Amino acid sequence: MKKFNLGAKIASLFGLGRKLSEETYDELEDLLIEGDFGTKATFEISSLAREKKPATKEELVQLVRQIIEPRITQIDLEPVPGKLNAWLILGVNGVGKTTSIGKLATYFNNKGQRVVMAAADTFRAAAIDQLEIHAQRTGTRIVRQNPGSDPGAVIYDALSSASAQNDNLVLCDTAGRMHNKENLIRELMKIDKIIRSRVEPQCYKKILVLDATTGQNTVSQAAVFNEAIGIDALILAKYDSTSRAGSLVQIGLPIAFVGTGEHYEDIRPFDRNQFIDNLLEF
Ligand SMILES: Nc1nc2c(ncn2[C@@H]2O[C@H](COP(=O)(O)OP(=O)(O)OP(=O)(O)O)[C@@H](O)[C@H]2O)c(=O)[nH]1
Ligand SMILES: [Mg+2]
């Protein structure tokens with residue numbers, strides 16, 4: 001596991017008995033930008049460091065923590081008991097949406113929830129079959145239609161059948177790609193309207209999956225989806241591989257789960273304190 005470890009990089013600024021100088025503040029800025037922390041947090045950190053003039057790596061890391069901590073938030077996602085819950089799983093292509101649905105189904109099946117999968121990525125024929133495999137392997141019911149059918153109709157069917165069978169969590173797969181961004185957003189808004197008409201607001205969650213290895217691009221992905229339909233929570237997939245999680249500081253949306261591998265069990269609730277400790281350890 002190779003993670004971007006900000007703490008170790010900060011500690012190296014103090015290498016060989018070096019004291020912080022104008023030159024090392026510039027280096028600090030470079031390594032924050034390189035770590036995808038963004039210009040705003042970088043500027044705040046370097047301004048604070050220039051003002052407080054930390055004498056040790058411990059003091060500098062403490063200043064960094066002060067700026068980063070409020071920007072990383074955690075949300076505990078659980079289906080509301082006794083109600084119909086719909087979680088719409090969103091994200092650009094290849095980030096790990098469908099895999100995350102297999103993992104979430106496993107996680108909540110194990111907690112005794114009644115989970116259904118909705119195969120609403122109808123854009124790609126193989127996407128439905130891929131979800132079907134996850135459904136079979138995890139022992140989860142799936143609602144599907146033919147490739148090319150209306151994703152909103154698939155979700156409508158899934159919600160109706162979940163109500164009828166007293167299931168309580170519908171995990172909706174979606175297409176990560178469309179002919180263009182406008183089509184994708186229009187499609188998502190239609191889906192959003194359908195879910196809102198059938199599910200109580202507190203039971204409906206729009207969850208964006210981000211690829212933890214991606215870095216800076218995740219910032220614009222989050223902005224596009226958040227502006228289009230509003231995002232309640234993030235799943236950080238592929239957190240097991242080389243992770244570039246600095247961009248989470250820029251995104252500022254609450255994180256619910258991290259995906260840590262390719263097995264169904266490789267998902268866990270996000271632990272903010274542990275995440276910040278890992279990032280800043282040296
Ligand atoms: N190592 C690792 N690989 C993952 C994780 N999550 C997903 N993957 C892999 O990432 C690849 C893409 O995953 P999918 O779940 O198909 O991604 P998607 O967002 O549904 O992709 P599209 O449907 O094409 O938009 C697959 O090879 C997965 O095995 C994870 O947490 N860790
Ligand atoms: Mg998929």
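Here is a short walk through the structure shown above, from the whole protein down to one residue. Keep in mind that you are looking at a predicted model.

Let's start with the overall build. The protein contains 11 helices and eight strands. Its radius of gyration is 21 Å, close to the 19 Å that the globule rule gives for 282 residues, so the protein is as compact as a globular protein of that length. If you line the model up along its principal axes, the C-alpha atoms fill a box of roughly 70 × 40 × 30 Å.

Now look at how the chain packs. Of the 282 residues, 53% are buried. Among contacts with a separation of 6 or more, 72% join residues that are 24 or more positions apart.

Next comes the outside. The accessible surface of the protein is about 12800 Å², and carbon and sulfur atoms account for 49% of that area. As for charge, you can find 34 positive and 36 negative side chains, and the centres of these two sets are 3 Å apart.

Finally, let's zoom in on a single residue, Thr 42. You will find Thr 42 in helix α3, which covers residues 38-52. Is Thr 42 buried or exposed? Its relative accessibility is 4%, and buried means under 20%, so Thr 42 counts as buried. Which residues does Thr 42 touch, once those up to four places away in sequence are set aside? The answer is Glu 29, Leu 32, Ile 33 and Phe 37. Try picking out these partners around Thr 42 in the structure.

How values were computed
Residues are numbered from 1 along each chain as its sequence is written. Chains are lettered from A and ligands numbered from 1 in the order in which they are written. This is a predicted model: local features need pLDDT of at least 70, side-chain atom pairs count only at pLDDT 80 or more; totals for chains, interfaces and linings use all residues. Side-chain values use heavy atoms; hydrogens and water are left out. Helices (H or I, at least four residues) and strands (E, at least two) are DSSP runs, numbered from the N terminus. The radius of gyration is taken over C-alpha atoms; the globule rule is 2.2 Å times the number of residues to the power 0.38. Buried means under 20% relative accessible area, exposed over 50%, partly exposed in between (1.4 Å probe, protein chains only). Contact means heavy atoms within 4.5 Å. Accessible areas come from the Shrake-Rupley method with a 1.4 Å probe; for residues, only the protein chains shown count as cover. Lys and Arg count as positive and Asp and Glu as negative; His and the chain ends are not counted. The place of a charge is taken as NZ of Lys, CZ of Arg, CG of Asp or CD of Glu.
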